[in-house]
Protein chains: 2
Amino acid sequence: MNIEKYPSKLLETAVNEFTKLPGIGRKSALRLVLHLLRQDAEAVNFFGNSIIQLRNEIKHCKVCHNISDTEICNICGNHARNQSVICVVENIRDVMSVENTQQYNGLYHVLGGIISPMDGIGPAELEIESLVKRVEEGTIVEIILALSTTMEGDTTNFYIFRKLKDFPVKITTLARGVSVGDELEYTDEITLGRSLTNRIPYESSLGK
Amino acid sequence: MNIEKYPSKLLETAVNEFTKLPGIGRKSALRLVLHLLRQDAEAVNFFGNSIIQLRNEIKHCKVCHNISDTEICNICGNHARNQSVICVVENIRDVMSVENTQQYNGLYHVLGGIISPMDGIGPAELEIESLVKRVEEGTIVEIILALSTTMEGDTTNFYIFRKLKDFPVKITTLARGVSVGDELEYTDEITLGRSLTNRIPYESSLGK
């Protein structure tokens, strides 16, 4: 079925707007719009305004470039956290992923992407200079590179490593290995190989 | 992964609002919100306002109860259409489905649901009285009942039939049968049975 004729221009506009969102086709968009039509006007106004407000009022933390409601985000401003470790991530979602592990108590630095010449993203487009400035201040002890293990991620890691290698700061990266719960049989060779190379004392695997 | 900590209240509010939509979970909602954050403020404002405007300004046609931008919808107001036939459907989406067949040139009547005691929907909740009024006016020649073939649909069909049977109006319903392109082997017995009972002259199947 090809939905093309809309009984109302307002409906058509709203459907068109929803189809601009990733992963939402015309049929889903129509379903969402008709759902909204059945809700209280107050709830729909709140929904619409929450989107507008989000886009217009949200800030980026001046220190780590994570999104924030304030000039300095809750993480950078929290002095109970370890202010001498920075975890470098690609985007906001990665901050949330690391936070959800509840295994990390340091700070972050959100690059806003990774070096990808194919997409026209070079080091200048990313928050790399501001990371170097944070390290220059001298209070940072360790930088954890937590980018994806793609070619772009590796390139970005290496670029940052070269920029920081002359500073008295430890540069580490995430351990790569067999996922918890995974069977060896189904693990790719590169991952399994890295798990072997970076093997750890048995006792330390008992910790968590 | 359990996404719970949001770096911003504005972000959290927008994500919560999106999760209220049918079929959108927390992960999809976050993805949509982060997508909106990357768009121009102007585009996002337009999106938000299109939703608000839709909910506050859309009307229901006074005649057929389809949604409309005007008091009388484009279909009811179109005198090139056959004003003596009414197709009775459950909702707006069904109007669009029938319109997209391009096989129908009459009017509609949107009930706004079907009789479903389980969901507390009785005849009084639906636009049945207004349908009877349209028939009473005396210009309608045929009523096509195009509700779904569920028990609720059948109940509603029968209720409407009883309300209208004393008027000089032909009451028809959609032909049920094997879908175009379907193999008999995979058609359920009830549908195949109805296809047999309601068999048509071969010549009339050649039309379209």
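Reader: Is the crossing of α1(A) and α3(B) left-handed or right-handed?
Author: Keep in mind that this is a predicted model. The two helices pack with their axes 9 Å apart, at an angle of about 150°. Angles over 145 degrees count as roughly antiparallel, so α1(A) is roughly antiparallel to α3(B). As for the sense of the crossing, it is left-handed.

Reader: Okay, and how do the residues of the contact of α1(A) with α3(B) divide into nonpolar, polar and charged?
Author: Let's look at who takes part. From α1(A) come L10(A), L11(A), T13(A), A14(A) and E17(A). They meet F47(B), S50(B), I51(B), Q53(B), L54(B) and E57(B) in α3(B). Sorted by kind, that gives 6 nonpolar, 3 polar and 2 charged.

Reader: Which element supplies the largest share of the side of chain A that touches chain B?
Author: The whole contact takes 50 residues from chain A and 51 residues from chain B. On chain A, α1, α2, α3, β2 and α4 each supply at least two residues of that side. One of them gives 14 residues, the largest share, and that's α3(A).

Reader: What kind of axis relates chain A to chain B?
Author: Try laying chain A on chain B: a turn of 180° with a shift of 0.0 Å along the axis does it, with an RMSD of 0.1 Å. The copies also meet through the same surface, because 100% of the interface residues of chain A are interface residues in chain B too. The turn and shift are the relation of a two-fold axis.

Reader: Which residue of chain A comes closest to the rotation axis?
Author: Go by the C-alpha atoms here. The closest one in chain A sits 2.1 Å from the axis, and it belongs to G48(A).

Reader: Moving to the sheet in chain B, which strands stand at the edges?
Author: The sheet is open, with 4 parallel strands in the order β4-β3-β5-β6. A strand at the edge has a single partner, so one side of it is left without a neighbour in the sheet. In chain B, that describes β4 and β6.

Reader: What is the bridge partner of I86(B) in β4(B)?
Author: Strand β3 of chain B covers residues 85-89 and pairs with β4(B) in the parallel sense over 4 bridges. Helix α4 of chain B lies across both strands, at about 130° to β3(B). Over in β4(B), the partner of I86(B) is L107(B).

Note on methods: Residues numbered from 1 in each chain as written. Chains lettered and ligands numbered in written order. Predicted model: local features only at pLDDT ≥ 70, side-chain atom pairs only at ≥ 80, totals over all residues. Least-squares fit on C-alpha atoms with pLDDT ≥ 70 in both. Contact = placed C-beta atoms within 7 Å. Pairing = 2+ DSSP bridges. Axes fitted to C-alpha atoms, helices over the stretch in contact; angles between N-to-C directions. Parallel < 35°, antiparallel > 145°, perpendicular 65-115°, else oblique. Left-handed = near helix turned anticlockwise from the far one by under 90°. Nonpolar A, V, L, I, M, F, W, Y, C, P; charged D, E, K, R; others polar.
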